[in-house]
Amino acid sequence: MRKAAFALSLLSTTVLASPLSAQELAKISIVVFGAPSLGAFLPPVIKAQKLDEKNGLSIKFEERTPDAYTAQFNSGEFQVGGSAALLTVGLADLRGVKVTYLFNLFDYWGAVVSSRPDIKSLRDVEGKDLAAAKGTTNYVMFDWFARQLGVDTSKFSVINTATPGLVGYALADRAAAVQLWEPAYTTLQTKKPGIRTLDLKIQESWKKMSGSTNIPYLGVAAHVAWAEENRDLIPKLYATYRQAAEWVAANPDEAAKLISSKGTENDRKAIAELIRANDRLGMNVRTAAEVSKEIKAVYEAGKSISFLPSEPAPSTIYQGLTK
């Protein structure tokens, strides 16, 4: 996994333009998940550092719950989504919603934790209860990785809950195991550092299947019609997000204050360490064209577990953006 330091050299070569006047800025409204979520990670940095304005944009981030996000993005009420799970983009396409994945922000990472002494591997969860947000694409990807380990996920007794409730399940030991991801995992570790993390062998399984270490997972997507009408804005949008990621990697402590503005001092320290390591955070800003091979591999994984009924259209991988 890429280390946070990867962006330091890039930052030195980044030239930030001077802000334009408000009248000259192109307005974009982007729907995102609320915090804590990966989709909510970079927006506060973009606004605090005025990176949108420095790239000629005026971005308005609109927070929604996951269900409302999907409904309002797929309906076209929002033309651009900043919490776009790749598999959801592919599924939307197969259901007739013409959307395209512009660029990746975060690679996949997920974990299963347990406080029970008899749960030492994922196979030990078979026949027991697993608290998880089963409707999320993170769980779908976890399902694929679990099967690569020979685990029969149909034998899990899944307690389906919303993502904000997963940390509570783990803290109270209300299930044999809990499946979750970042930033909830880091929050859990600050509150219950002794909890056991089961090895999912994510990198090994993915490298074996795709030949790559990139696992495109969550990024920015748009309706195809909007992308065609706003081709000149997309490079500016990409530059805005890329510069935000570079700033976060170069300034983890300051970034943590913006990302976890309502958290405790311990929460912010944990977020800063998460950024420095980047192994679990997986911040990996790449154009869709750069990782098109890996995106097709994610689609293949989605098909293998029947999440995707067929191959999404090539137009779901935006090719009009160079790195």
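## Across the domain interface

Across the interface of domain 1 and domain 2, 4 residue pairs are in polar contact, both residues at pLDDT 80 or more. A polar contact here is a pair of N or O atoms within 3.5 Å; within protein, one must be able to donate a hydrogen and the other to accept it, and residues adjacent in sequence count only if both atoms are side-chain atoms. On the domain 1 side, α5 (86-94), α13 (265-277) and α14 (292-304) each bring at least two residues to the surface touching domain 2. α14 gives the most, with 7 residues. Sorted by class, that side has 15 nonpolar, 4 polar and 5 charged residues. In this sorting, Ala, Val, Leu, Ile, Met, Phe, Trp, Tyr, Cys and Pro are nonpolar, Asp, Glu, Lys and Arg are charged, and the others, Gly among them, are polar.

There's also 1 salt bridge between the two domains, a salt bridge being a side-chain nitrogen of Lys or Arg within 4 Å of a carboxyl oxygen of Asp or Glu. The side chains of R280 and E182 meet in a salt bridge at 2.7 Å, N to O.

## The model and its confidence

This is a predicted model, where local features need pLDDT of at least 70, side-chain atom pairs count only at pLDDT 80 or more, and totals for chains, interfaces and linings use all residues. Residues are numbered from 1 along each chain as its sequence is written, and side-chain values use heavy atoms, with hydrogens and water left out.

The mean pLDDT (the predictor's confidence in each residue, from 0 to 100) is 91, and 93% of residues reach 70 or more. Residues 1-17 stay under 50. Where pLDDT is low, don't read the predicted coordinates in detail.

## How the domains sit together

Domain 1 covers 26-107 + 215-316, and domain 2 covers 110-210; these bounds come from an automatic or database domain assignment. Their C-alpha centres lie 23 Å apart. The contact (heavy atoms within 4.5 Å) takes 24 residues from domain 1 and 19 from domain 2.

Together they bury about 1900 Å², 75% of it on carbon and sulfur atoms. Buried area is the accessible area (1.4 Å probe) that two parts lose on being put together, summed over both. I215, Y217 and I305 supply 32% of what domain 1 buries against domain 2, more than any other three residues.

## Two backbone oddities

Most residues other than glycine have a negative phi, and most peptide bonds are trans. E182 and P183, however, are joined by a cis peptide bond, with omega about 5 degrees. D173 has a positive phi, near 55 degrees.

Notes
Helix = DSSP H or I, 4+ residues; strand = E, 2+ residues; numbered from the N terminus.
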